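Me: I'd love a close look at one part of this structure, with its surroundings explained as you go. Here it is.

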Amino acid sequence: MAKNIAMIGDRESVKGFAAIGMDVFVCDEPAAAAALLKTVAESERFAIIYMTEELFSASAREREKYTERATPAIIPLPGVRGNTGIGLKRQSTFVEQAVGSDILFKN
Amino acid sequence: MAVMNVSPTRMQMTALKKQLTTAIRGHKMLKDKRDELMRQFIELVGMNRRLRESVEKRLAESSAFFISASAAMSKKALDSSLMSQKSKTGVETTYKNVMSVDVPQFEICRESENQGDIYPYGFAFTSFELDNAVESLNELLPDLIRLAEVEKSCEMMAAEIERTRRRVNSLEHVMIPRYEETIKYIAMKLEENDRSSRTRLMKVKDMLLDKAHNYSGKYSPKE
């Protein structure tokens, strides 16, 4: 069964994603991100949840629950306010977790 | 390494030897699993980085288009143009088993009558920047989905590699040496028992012989 794609972010960042057929959830307050993520993820309607980097880092504890589950995949994307580099930092975290130290992307 | 708290019997030793064989076999298999997972992970993580860099770059371009569009159009018009959806985008999820990790595979499915017509608004009251923005985002969609797939796989595989690595290390540095040491301890204990009962027997034999033939002269000759 096909599941939908969600985008959670501030009003400006999510606008375009609604136009290409994603379900958008506006959250202008980082403190409310975790609660919104919980509602969206537990509705079981979404296979992928994109979040703006700002909200992504604000909901770290809530996200942990979904690390081991194949869906929903929670992915950070840069919002209109610019790129904070969380996405690439996350890669380093994966390598660190797997190898023990970041041997691939360390500059 | 501490010896396990077991009774030093032959039966226990046989059981421990069996466990040691299993542990060694398990260790080898887990090591192979870890190596293969690591190989696939390194491949994926490289792909993930390339994808992310390209997606982030294109997303920034698309954001720039949106900013131009919002400058050219009124906020209300822009909102009403974008918030009505023409097609719904979903993904079909299947799972691929990579070394016992079920990683998701996403495939786009769109519920739209006309695949070519992506714009959810009429062209009369909107600016061309908005068309560019929506088009660029639409072109980005397959890569976005691919990014989600690869990144989730990396996340799950990293967790599995960490778990497997811990298991391999625990088998290699804790379990196997402990079994080996306990087996050695039981073997030595059994040998010790063997030696002690043998000396006891020899002693008893000596005493019996002495009693029979009176070598030491301790016993008075029989009448």
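How many residues does the largest nonpolar core have, and which of them have the most contacts inside it? Please then take me through strand β1 of chain A and what surrounds it.

Reply: Happy to, with one reminder at the start: this is a predicted model. The largest nonpolar core has 59 residues. Those with the most contacts inside it are A:A6, A:I8, A:I48 and A:I49 from chain A, together with B:F41 and B:M157 from chain B. The element that gives the most to this core is helix α3 of chain B (residues 128-213), with 14 residues.

Now to your strand. β1(A) spans residues 3-9 and is mostly covered, as five of its seven residues are buried. A good place to stop along the way is A:I8. Leaving aside residues up to four places away in sequence, A:I8 touches A:F25, A:C27, A:A33, A:L36, A:L37, A:V40, A:I49, A:M51 and A:L55.

Next, the strand's partners within its own chain. β1(A) pairs in the parallel sense with β3(A), residues 46-52, over five bridges. It also pairs in the parallel sense with β2(A), residues 23-26, over four bridges. You can follow both pairings from A:M7: this residue stands opposite A:Y50 in β3(A), and its bridge partner in β2(A) is A:V24. As a general point, side chains in a regular strand alternate between the two faces of the sheet.

The link from β1(A) to β2(A) is worth tracing too. Together with helix α1 of chain A (residues 11-19), these two strands make a right-handed β-α-β unit.

β1(A) has a partner in the other chain as well. With strand β1 of chain B (residues 88-98), β1(A) pairs in the antiparallel sense over two bridges. Here A:N4 stands opposite B:G90 in β1(B).

That brings us to the interface, where 31 residues of chain A are in contact with 47 residues of chain B. On the chain A side, the elements giving two or more residues are β1, α1, β3, β4 (73-77) and α5 (86-99). The largest share, seven residues, comes from α5(A). By type, the residues on this side of chain A divide into 19 nonpolar, nine polar and three charged.

To pull it together: your strand is mostly covered, pairs with β2(A) and β3(A) in the parallel sense, and pairs with β1(B) in the antiparallel sense.

Key. Residues are numbered from 1 along each chain as its sequence is written. Chains are lettered from A and ligands numbered from 1 in the order in which they are written. This is a predicted model: local features need pLDDT of at least 70, side-chain atom pairs count only at pLDDT 80 or more; totals for chains, interfaces and linings use all residues. A nonpolar core is a set of buried Ala, Val, Leu, Ile, Met, Phe, Trp, Tyr and Cys residues joined through C-beta atoms within 7 Å. A residue is buried if 20 or more other C-beta atoms lie within 10 Å of its own, exposed if 12 or fewer, and partly exposed in between; C-beta atoms are placed from the backbone. Two residues are in contact if their C-beta atoms, placed from the backbone, lie within 7 Å. Two strands pair if DSSP finds at least two bridges between them. A crossover is right-handed if, with the strands pointing away from the viewer, the path from the first strand over the helix to the second runs clockwise. Ala, Val, Leu, Ile, Met, Phe, Trp, Tyr, Cys and Pro count as nonpolar, Asp, Glu, Lys and Arg as charged, and the others, Gly among them, as polar.
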